[in-house]
Amino acid sequence: MSKELWLPWGSRGAFGGQIVAQALRAAWDTVEEDFAVHSLHAYFILACSVEIPVVYSIQRVRDGRSYATRIVTATQRGKAIFVSSCSFVKPDDSVALNHQTTMPETADPDTLPSDIEVLQNTLAITESIPEAVKQRAQKKLEDRRWFKTRGLLNDDMRLHACIIAYASDSGFITTAAAANGYLINSRSLGMIASLDHSIWFHTPARADKWLLYDVHSPRTNSGRGMVFGKIYSQDGTLVATTAQEGIIRLSEREQEKRRKKADATWQDDAKVSTASKL
């Protein structure tokens, strides 16, 4: 059961990554010691209240020699708010195929300002918008950022995997909004929320060492956006792959604005077409 939940600024409910991480740990505690997680697929059903404890129930679907499967249901006041399937595997020491994508070139994380420093600099400037904020507001299909814990952790790799799961939901679906030129706090956005979340863990990695999150959004349509992510260790090893679909709805005001603009464009095109016929 979880009692301490974080409510991000402007969010309708608790941070989804926290629910994902806690569900993963709850499932992991029910498998044998030599099993490690290799995939997780989750659905966010209802907004999670930070005022009510979350209860995690585990269904033991399968316990095989090499793989174990669990289904986790998170509830509040008897209602399911989240469900996840987690698959665990024993280490494979056989000769196997091995390939991966190449980590993109990026700046050394120790030379970059932290999110807190960027925010402090932004708040300190009132006359103009900082260039870093302007760049984030530009339309772009991808986003890259480094992350790690603020302090060192113990050697429990289950903890490290859960932290990576936690971080994998941070600023994820907002990449789809950014692909359309919107920041998360834009008044043009009426709603933005995660619908599902998937993680494939390729190899163990420490969350207290720098990890690069390379995210891109291939599509937004029908009030939803899609994002994919790759998480690399600093030596270039691909340690995890992620995917998520989320709700991205324009505000009623922005929708009406766009309808009027589309109508005006259609009328102008009709006038041009009529004139050309004459």
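What follows is a short walk through the overall fold, one pocket and one surface patch of a predicted model.

Starting with the big picture, the protein chain has 278 residues, and 38% of them are buried. Its secondary structure adds up to six helices and 10 strands. How do the contacts spread along the sequence? Counting contacts in the protein chain between residues at least 6 apart in sequence, 69% link residues at least 24 apart. On the outside, the accessible surface of the chain totals about 17200 Å². Carbon and sulfur atoms account for 52% of that accessible surface.

Next comes the second largest pocket, with a volume of about 800 Å³. Several elements each give two or more residues to its lining, namely β1, α4 (157-167), β7 (196-201) and β10 (238-250). Of these, α4 supplies the largest share of the lining, with four residues. The lining of this pocket takes in 29 residues altogether. Which of them lie nearest the pocket centre? Those are His-38, Phe-201, His-202, Thr-203 and Pro-204.

Finally, there is a nonpolar patch on the surface, made up of Tyr-43, Ile-45 and Leu-46. Together these three residues offer about 310 Å² of accessible area. As for Ile-45, this residue sits in the loop that runs between β1 (36-44) and β2 (55-63). Is Ile-45 buried, partly exposed or exposed? Ile-45 counts as partly exposed because its relative accessibility is 45%, and the partly exposed class lies between under 20% for buried and over 50% for exposed.

Definitions and conventions: Residues are numbered from 1 along each chain as its sequence is written. This is a predicted model: local features need pLDDT of at least 70, side-chain atom pairs count only at pLDDT 80 or more; totals for chains, interfaces and linings use all residues. Side-chain values use heavy atoms; hydrogens and water are left out. Patches are made of residues with over 30% relative accessible area and no salt bridge: like charges are joined within 9 Å, nonpolar side chains (Val, Leu, Ile, Met, Phe, Trp, Tyr) within 5 Å. Accessible areas come from the Shrake-Rupley method with a 1.4 Å probe; for residues, only the protein chains shown count as cover. A salt bridge is a side-chain nitrogen of Lys or Arg within 4 Å of a carboxyl oxygen of Asp or Glu. Buried means under 20% relative accessible area, exposed over 50%, partly exposed in between (1.4 Å probe, protein chains only). Contact means heavy atoms within 4.5 Å. On a 1 Å grid over the protein atoms alone, a cavity is a set of points where a 1.4 Å probe fits but cannot get out, and a pocket is an open set with protein on both sides within 12 Å along at least five of seven lines; lining residues have an atom within 4 Å of a point. Grid points are joined across faces, edges and corners, and a volume is the space filled by probe spheres set on the points.
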